[in-house]
Amino acid sequence: MPLTSCGNQAREEDLSRTAGQVKDMAKVVRRHVIEMIGEAGSGHPGGSLSVTDILSVLYFGGVLRVDPKNPSWPERDRLVLSKGHSAPALYAVLAEKGFFDKGILPTLRKLGSPLQGHPDCRKTPGVDASTGSLGQGLSIAVGMALATRLDGRDSRVWAILGDGECEEGQVWEAAMAASHYKLGNLVAVVDHNGLQIDGPVAEVMSPEPISAKFQSFGFEVHVVDGHDVEGLLRLFTSLPRNGERPICVVADTIKGKGVGFMEGAVGWHGKAPKGEELVRALTELGKVNEQ
Amino acid sequence: MIATRDAYGEALVDLGKENQNVVVLDADLSASTKTEKFKKAFPDRFFNVGIAEANLMGIAAGLALSGKTVFASTFAVFATGRAYDQIRQSIAYTKANVKVVASHAGLTVGPDGGSHQALEDIALMRAIPGMTVLVPCDGNETKDAVEAAAAYDGPVYIRLGREPVPFVLPEGTRFEIGKGIVLSPGVTREDLLSKVSDEPLFDVAFIACGVMVKAALEASEALSREGLKCLAADFASIKPLDEELLHAIARHSKAIVTAEEHNVIGGLGSAVCESVCSLHPVPVKRVGVKDVFGQSGEAPELLRAYGLTAGDLVSAAKEALKL
């Protein structure tokens, strides 16, 4: 163990305490995800569960500067969920953060609900961009980052992509532009879960090596365990707020993380658990200590 | 004479002076779309995204969602074809305040050929919910349309041409989104809306947009000389369509001829038919490109080859009167 100063020790204690809170929230979010998709009878549990820890660290770990009471606050950080099918995880996080009433979570995908199957920024407070057609979110984030710079704000823009999504050519058009414009206020996080609808990403159409690609496109790249809450916290809070170039975090994740029978299983990309499956999933996720 | 794309470039500079919030994007065609005029005047608010139209529309959406009034330009064929999904998802679905202003539309692109002649762009844009679609006919109307688009909060598609065109609208005419313009001397919009008459006032009404407005006026004059009573109207606002004026025209005319430099499927002619058939059915002949791609040639040759001249409008009117 390296010697640590008192300041560092205090920071470590702080981080450990925050990580504990984030982990508790991530549990709550996972439970919401399964309940919402179960209630809706359709949706995408796999990618929602793989991105849950990342979103929880961003929103509950004090990384994102947002104000749930003022969702359109101009100085806020933006988050574009480019892999829009993971909307249930985002909705659960936003509800727990206080952007809207948790009571509407069960209306996911139902007629008239503000919680559309894929994020709709005109309907849901806290959603910064409408996404769902893969490959478009990073471009939107680039536009937001440019606007932020034009307005002289120090807000940061986050885009969350899937690894399968990186097969879309537009992702690389956007990556090229982010680097060309030296968008140090932009962070792209790749939820690197290795699976897409038709099978393993490596078999369907490999975009690997993803981290080397972003590096060659001019990004500062970090590879991290996307379920290691302490590691994510440490990394996200240490990233420069406005550096010289855009940042890419490749977060290695497990699709379906937290529900044993969904973990690493292609079939749970876009299928709702029913009956016995739903009970098993919720039992595994366990009781949650609501604060 | 001025090409509508040139008028666009000038209008952008005027807008940029008035409004700090205006941002302009292009995809490596700024010399052709004339956004380079804005680039020269306001380099900090201009972004050339390179040959990447999908990204062009996505970045435009992101800027607009952050409060900017964004103009995104490239050729019509790339804007509406290559980046259709980005316009649908990132811009229109989001109701983002993006003005897609596309130049080099239609046959009059000329020698570049069929690959570059957008003949279905109006159809594509018109079918997107909430999209405003404008096809101005001359330089002045283009400037008005750009100004009106900037003042309106929401997605707009403006279709422009490559070739210089004469000033067609009478001086003092002001374009408004959702309003057609009656061009025949001595006839006003108010007349048409208020008049009640048992007998049709006109044998033929020409309803046109873009470069075809001039042809419509010429056809109207030619038929008048033959003793027919004609009306010509400019319907630059294809969506929203001026149904109030259109129905008044339908009520007062024996037949309608529409004219556009676009496929007869899905453009102005379709919009007119869809509307009049439900309230004031009247024979309509649609003059446009007859569901084929274009080819290389000079603009006037192409307009002749594909049946888009004043003479073609005269023939269509005579056929319509036999219906």
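Tutor: Two residues are in contact if their C-beta atoms, placed from the backbone, lie within 7 Å. Keep that cut-off in mind, and remember that this is a predicted model.

Student: Okay, how many residues of chain B and chain A does the contact take?

Tutor: Chain B gives 22 residues and chain A gives 21 residues. On the chain B side, α4 (53-65) and α6 (84-92) each supply at least two residues. The largest share, 9 residues, comes from α4(B).

Student: And what makes up the side of chain B that touches chain A, by class?

Tutor: You get 10 nonpolar, 9 polar and 3 charged residues there. Gly counts as polar in that scheme.

Student: On to the sheet. Why are β3 and β12 of chain B called edge strands?

Tutor: Look at the order in this open sheet of 7 strands: β3-β2-β4-β5-β7-β6-β12 (chain B), with mixed pairing. β3 (46-48) and β12 (237-239) of chain B each pair on one side only, so they are the edges. Neighbouring strands are turned by 20° against each other on average, direction ignored.

Student: How do you know that β5 and β7 of chain B pair?

Tutor: Pairing takes at least two bridges. Strand β5 (residues 98-103) and strand β7 (residues 156-159) of chain B have 4 bridges, so they qualify, and they run parallel. Within this pair, Ala102(B) stands opposite Arg159(B) in β7(B).

Student: Which strands does helix α1 of chain B touch?

Tutor: Helix α1 (residues 4-18) of chain B packs on the sheet against β2 (22-26), β4 (69-75) and β5 of chain B. Its direction makes about 145° with that of β2(B).

Technical notes: Residues are numbered from 1 along each chain as its sequence is written. Chains are lettered from A and ligands numbered from 1 in the order in which they are written. This is a predicted model: local features need pLDDT of at least 70, side-chain atom pairs count only at pLDDT 80 or more; totals for chains, interfaces and linings use all residues. Axes are lines fitted to C-alpha atoms, for helices over the stretch in contact, and angles run from 0 to 180 degrees between N-to-C directions.
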